[in-house]
Each structure stands twice: as C-alpha cells, then as structure tokens.
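Please open the model in your viewer and keep the sequence panel beside it. The tour below suggests what to select at each stop and says what can be found there.

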Amino acid sequence: MALFGKGSKRGANRDVLETPQYGWIWKPLIGLFVIYLLVCVGLGIYWSSEPDEFNIDQATRTELARVHGLAAPVAKVEGEEPAPAFETLPTGTATVATLMKLNDTLLHKPGGYLKNDVAPPGLMLDNMPNWEYGVLVQVRDMTRELRKEFSRSQSQSSDDKALGKAESLLFIDANAWMLPEAEHEYADANRELGDYLKRLSDDTQNNGQFYARADNLVAWLSDVENRLGSLSQRLSASVGKSQLNLSLAGDKSATSAKSTQAEEEIKTPWLEIDDVFYQARGTSWALIHLLKAVRHDFQGVLEDKNALTSIDQIIRELEATQTDIGSPIILNGSGFGFFANHSLVMANYVARANSAISDLRSLLEKG
C-alpha cells in the first residue's frame, strides 16, 4: 500500500510541473503597453506644436548659400544679424527661397510630415496633418504661379522645366505613404526649386527669370482670394446658417448645368470643425511668409501703386490668426452663446484678410 501511495504523490508532482502558470507574463506586457501609450501621447503633444515664424531675409540668404555651395551665413556675435552671403537679393529669390523653406518645414518639423502616417502616434493626430495640408495647398499654388506667371514674360513663353517638374511632384496625393512616398516627392520638388533658384540668382545664366509685374501678382492674389473665401465660408458654417443661392446673381442670361435650390442650409460636420480650423491656421501661416516675400520682390510695383500699406495690413490680419489658443480643444459655441466659437473668430480674421486682398487686387489692376 505504501508503494502505491508514494507512486500517487510522484504522479501528482509530475502533473503540477507539467502545468506551468502563465499569469505572471501579463503584468510586464501591460506595463510595456502603458509605457507605449505614454510615449505616444508625449510624442503626439510634441509633434502637434506648430512651427515658429521664420525670418524671410535670413531664410533667403541661407537657401542661396546652399544652392551655390557656399557656407551658410552665421552671426559672429549673439543677437547680431548674420553676415549676408549676397549683398543684394536678386528679384524673385525671396519668393522662391521662402517657398522652399515652407516645403522644408513640412518635412523636417518635429515628427516630420504626418499627414500620410499609418502608425501611431502620427495616425492618432488630426490637427497637425490638417495644418500641414493648409501649408501644402499654398506651396502648390505658389509653385503653379511660378511656372505659369512669374517665370514667363508672356503667354507664349516656354515653361521652366524645373518648375514644371516641381509642380507635378507637389501634386501627388498628400496621403500617399508608399510607392512613392509623399515626403520623397516633396523633397524632390525642393531640389527642382533649388535648381531654379540657383539659375535665377546666377548672372552668368540667362535661362532662369522672374518677372515682378502687377499682372503676375494679380493672378496669384486671385488664387489666394479664392482659397481664403472658401475657408471663410467653411469656418462660418461651424454653427450652421441658411444661405441664399447667389451663383447666378448679376447675370440674367447665366445658366447652370443642374438646377439648384434658392435657399440652402450650410453647416460644417461636427467632426470636421477642428480640421477646417487647423487647415485655415496652416494656410494663414504660409501666407504670412509668402506675402512678406512678395512684398520684398514686388516692392517697386507696390510702391508705384501706393499699395505697401495694403499688403502690410493683410499680413497683420493673418498674423492675428496665429494667436495662441487658450483651450485644449476647439470650442464651437453657438454664435452669441455662453461658450466661445473659435471657428467664427478665425473666420473673422480670414474674411478681413480676404477683403483686403480683393481691394489690393483691384488697386493693382486700376491704380
């Protein structure tokens, strides 16, 4: 009997050894997951910080030095302006160099380009990707105008090949993440813009030109006016409003392809309110820099039309859109309600800038 008893105990011990307990594994896995979440949240907050404004003159000199293989200008004394690589900036270089800097900012700001991310933490963010898209639209528009207007003396002139390549590269889908990646295409576009900038600033080459004329500037301002007008409407529609159809107003003989209602309700979907807000914020940030660059390159034209004050006022209105947001979320109060409505505040500044651009465009056409 004793033999049988001992055998039973040995069998029981063997059963215990053959059935290991795995409960302890979950604790470190949960700990790692919590750490991963904290890292994602921290990176998400850091990557969501908007870039600061940059100095147009310094950015132009830095880009010129880079494309010509020169040492970048460096300040000898802290707080002192860097020594210029070029004594005078050739016409058009400020606009092209600023355009390159805007594109470079999209690629090399904290987190890099986020709009096409397919993994956390970039996948979980939506404010910064919409900010990026606002900047990207302005980069695309200015590149197109460089090819169509600024680099051509007349309508039958040939396009600049580098600008044509840059435009096609920038118009890849902003969400493309492989074969090809959007970032790679945008980086290649910057190299093409750099080629144009190098020829533009080289007096020994005649195949790179920039024509600072009033009609060229009007063409770009017309595009900007359309973009800001659309954004202003979408921002204002955050609270919903009834709007009369003015599509055919002012022309008795005008017709449309499809019948439209005389009055329609316009309202931005609730989940898109912060998207539109940050797209407008990115658009305004890019336009501040582009307008400052245009002010430099078209100074003679603007002085002749007595329009320097007008463009300065546009820049001031857009700078107001970059005020720090004192709330962790974009509030959407009901117009005159108790809570603020950030979209309506943004719409106010965008609409004022849009109106000022319309006045400037008229002044350049008739002044």
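**A tour in four stops**

Begin by selecting Ile30, which has its place in helix α2, a helix made of residues 23-47. Keep in mind throughout that this is a predicted model.

Now widen the selection to residues 29-47, which an unreviewed UniProt entry lists as "transmembrane region". In the model this span is 100% helix and 0% strand, and its end C-alpha atoms lie 26 Å apart. What kind of surface patch do Ile30, Trp26 and Tyr46 help to form? Together with Leu29, Leu32, Val34, Ile35, Leu38, Val39 and Leu43, they form a nonpolar patch, and these residues have about 1000 Å² of accessible area together.

For the second stop, select Lys267, which you will find in the loop between β2 (263-266) and α9 (273-297). Is Lys267 buried or exposed? Its relative accessible area is 52%, and because the cut-off for calling a residue exposed is over 50%, Lys267 counts as exposed. If you then show its surroundings, leaving aside residues up to four places away in sequence, you will see that Lys267 touches Ala237, Ser238, Val239 and Gly240. Although Lys267 and Ala237 are 30 residues apart along the chain, their C-alpha atoms are separated by 4.6 Å.

The third stop concerns aromatic rings, of which a search of the whole structure finds 7 pairs. One of them is formed by Phe54 and Trp285, whose rings meet edge-to-face, with 6.1 Å from centre to centre and 70° between the planes. Phe54 lies in the loop between α2 and α3 (56-67) while Trp285 lies in helix α9, so this pair ties together parts that are 231 residues apart in sequence. Both partners are buried, Phe54 with a relative accessible area of 15% and Trp285 with one of 2%.

For the last stop, select Phe210 and Phe298, which form another edge-to-face pair, with 5.9 Å from centre to centre and 70° between the planes. Where in the chain do Phe210 and Phe298 lie? Phe210 is in the loop between α7 (182-200) and α8 (214-236), whereas Phe298 is in the loop between α9 and α10 (299-304), and the pair thereby links distant parts of the chain, 88 residues apart. Phe210 counts as buried at 5% relative accessibility, and Phe298 also counts as buried, at 1%.

Before closing the viewer, return to Phe54 and Trp285 and add Trp131 to the selection, since ring pairs link Phe54, Trp131 and Trp285 into a cluster.

Note on methods
Residues numbered from 1 in each chain as written. Predicted model: local features only at pLDDT ≥ 70, side-chain atom pairs only at ≥ 80, totals over all residues. Heavy atoms only, no water. Patch = residues over 30% accessible without salt bridge, like charges linked within 9 Å, V, L, I, M, F, W, Y side chains within 5 Å. Areas by Shrake-Rupley, 256 points an atom, 1.4 Å probe, with all protein chains shown as cover. Salt bridge = Lys/Arg side-chain N within 4 Å of Asp/Glu carboxyl O. Helix = DSSP H or I, 4+ residues; strand = E, 2+ residues; numbered from the N terminus. UniProt positions renumbered as here; feature names shortened; annotations may be inferred. Buried < 20%, exposed > 50% of the residue type's maximum accessible area, 1.4 Å probe, protein only. Contact = heavy atoms within 4.5 Å. Phe/Tyr/Trp six-rings, centres within 6.5 Å; stacked < 30°, edge-to-face > 60°.
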